[in-house]
Amino acid sequence: MIIQLKRRASQADIQKTVARLKQLAVETGANIRYHTVQGEELPVIAVKASGADIAKIQEERLRQLDCVEDIKRIADPYKLASKSYLDRRTVRVGDIEIGDDRLCIIAGPCAVEDEKQILQAAREVKTAGADMLRAGAYKPRTSPYSFQGLEENGLKLLKLAKEETGLPIVTEITDPRNIQMYLHYGIDVYQVGARNCQNYDLLKALTALHESSAAVLLKRGMATTLDELMNAAEYLLSGNVRNVMLCLRGIKGIDLKHTRNSIDTGDISVLIQSCNIPIIYDPSHACGKRRFINDTSLGAIGHGAHGLMLEAHPNPESALSDGPQSLYTAKDIDSTSGLARVIQNARRYYGFRRNLTGG
Ligand code: PEP
Ligand code: MN
């Protein structure tokens, strides 16, 4: 259930509504949980309980309150993420509006490796037409012997790349204790990686971002269901972080001989029908091979993706991580192993699809 309050509702109105809600729960023995959040336009109280418990709450007794605008019963376990609450939300990062008319392209190497590499990547990614630069400073790797990232020094270099190119920065956060450091370096988008999709302590800690303009890019875990993903996003939304994007990146499947993961582009269509959050697709981690990136990107757009996250490196053969799936940042426009061509194709196809579907 979502209780929407009137536009001018004061703190006292919110408290009055919560008090009435609690009173109704006590009277009926309903076991409920609630969050008060600033909704897209109006302040809202999201109430969650089992179907039987929520049915006990008498809507009329809440509607009696002058400050209540509307009450929506939402069957989905996720409330604020649900399409029944809000048709769609857009996310703003700097001048970029994600989930709207323009396809959002996030690109960059898997990891920040050194100053020369990240500055070259940043310049070339910008020239190729990307909107944001992405690279990892803290890398959660399967093997402890693999390159683990430059850590704080990586964040410093990303700040430098942003100062030079003006591109907003996307980078992964792995540890709640680092949030203040990331804020200090002006990180624009906090990527929650596949391994942390259901790390609820991290998600709860990230609600500290609600007072900043930072956004969160929540990646699907490799064996995470769509409902689990939307519930994970609900942790952020119910903590007042409204700038949330979801990112699909392939899942574990039965045949991983040819691609790194099972390509889950079809799930974009499903998500778009169930939830209101913009969807980014990451073909790089889904495919694991450069030669599939162009087609998979177009497939993702065909299913309605609002953006792509593409790994691209100035010299993939010498990349410290994920070279085989990285596009060349500066290969000429005729090659689909180059970032510029993939972006050009993706933008054209996005426009074409919008004309076909009417948006
Ligand atoms: C990454 O984005 O570089 C990464 C490690 O991805 P994932 O969390 O999806 O495995
Ligand atoms: Mn990677």
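Where is N240 found? In this predicted model, N240 is found in the loop between α8 and β12, the strand that covers residues 244-248. The phi angle of N240 is near 75 degrees, a positive value in a residue other than glycine. This catches the eye because most residues other than glycine have a negative phi. With a relative accessible area of 24%, N240 is partly exposed. E151 offers another case, with a phi near 55 degrees that is likewise positive in a residue other than glycine. E151 lies in the loop between β8 (132-134) and α5 (152-165), and its relative accessibility of 40% makes it partly exposed.

The metal site comes next. Four protein residues donate atoms to the manganese ion (ligand 2): C110 through SG, H285 through NE2, E311 through OE and D322 through OD. These donors lie 2.0 to 2.4 Å from the ion. Read along the chain, the donors follow the spacing C-x174-H-x25-E-x10-D. C110 sits in the loop between β7 (104-108) and α4 (115-127), while D322 belongs to the loop between β14 (307-313) and β15 (327-328), so the pair ties together parts that are 212 residues apart in sequence. C110 is buried, at a relative accessible area of 3%. D322 also counts as buried, with 17% relative accessibility, because the cut-off for buried is under 20%.

The loop between β14 and β15 holds further residues that can be followed in the structure. S321 has its place there and is buried, with a relative accessible area of 4%. Setting aside residues up to four places away in sequence, S321 touches C110, A111, E113 and R141; C110 is one of the manganese donors. P324 lies in the loop between β14 and β15 too, but P324 counts as exposed, at 58% relative accessibility. Beyond its neighbours within four places in sequence, P324 is in contact with G288, K289 and R290. The C-alpha atoms of P324 and R291 are 9.2 Å apart in space, and these residues are 33 apart in sequence.

K289 also appears among the partners of T259, a residue in the loop between β12 and α9 (266-274). T259 touches A286, C287, K289 and F292, not counting residues up to four places away in sequence. T259 counts as buried, at 15% relative accessibility. A polar atom of the T259 side chain lies 2.7 Å from the backbone oxygen of N261.

Attention can now turn to ligand 1. Which residues are around ligand 1? They are C110, R134, K139, Q191, G193, A194, R195, K219, R249, H285 and E311. Among these, C110, H285 and E311 are also donors to the manganese ion. Several polar side chains meet oxygen atoms of ligand 1. For K219, a polar side-chain atom lies 2.8 Å from an oxygen atom of the ligand. An N or O atom in the side chain of K139 is 2.9 Å from a ligand oxygen, and for the side chain of H285 the distance is 3.2 Å. On its own, ligand 1 has 300 Å² of accessible area, and the protein covers 97% of it.

Away from the ligands, the nonpolar interior can be described. In soluble globular proteins, nonpolar side chains tend to be buried together. The largest nonpolar core here has 79 residues, and those with the most contacts inside it are L133, L206, L218, L246, L271, L310 and L339. Helix α8 (residues 226-237) supplies the largest share of this core, seven residues. A second, separate core has 20 residues, including A25, A30, I57 and C67. For a closer view of the largest core, L133 is a good starting point: leaving aside neighbours within four places in sequence, L133 is in contact with residues including A107, I118, V125, L158, L167 and V170.

Strand β12 contains L248, which is buried, with 0% relative accessibility. Not counting residues up to four places away in sequence, the residues that L248 touches include R220, L229, I268, L271, I280 and Y281. L271 is one of the residues with the most contacts inside the largest core. By contrast, the C-alpha atoms of L248 and E27 are separated by 44 Å, and the two residues are 221 apart along the chain.

Methods:
Residues numbered from 1 in each chain as written. Chains lettered and ligands numbered in written order. Predicted model: local features only at pLDDT ≥ 70, side-chain atom pairs only at ≥ 80, totals over all residues. Heavy atoms only, no water. Donors = N, O, S within 2.8 Å, 3.2 Å for Na, K, Ca; no water. Helix = DSSP H or I, 4+ residues; strand = E, 2+ residues; numbered from the N terminus. Buried < 20%, exposed > 50% of the residue type's maximum accessible area, 1.4 Å probe, protein only. Core = buried A, V, L, I, M, F, W, Y, C linked by side-chain atoms within 4.5 Å. Contact = heavy atoms within 4.5 Å. Near = heavy atom within 4 Å. Polar contact = N/O pair within 3.5 Å; in protein donor to acceptor, adjacent residues only side chain to side chain. Areas by Shrake-Rupley, 256 points an atom, 1.4 Å probe, with all protein chains shown as cover.
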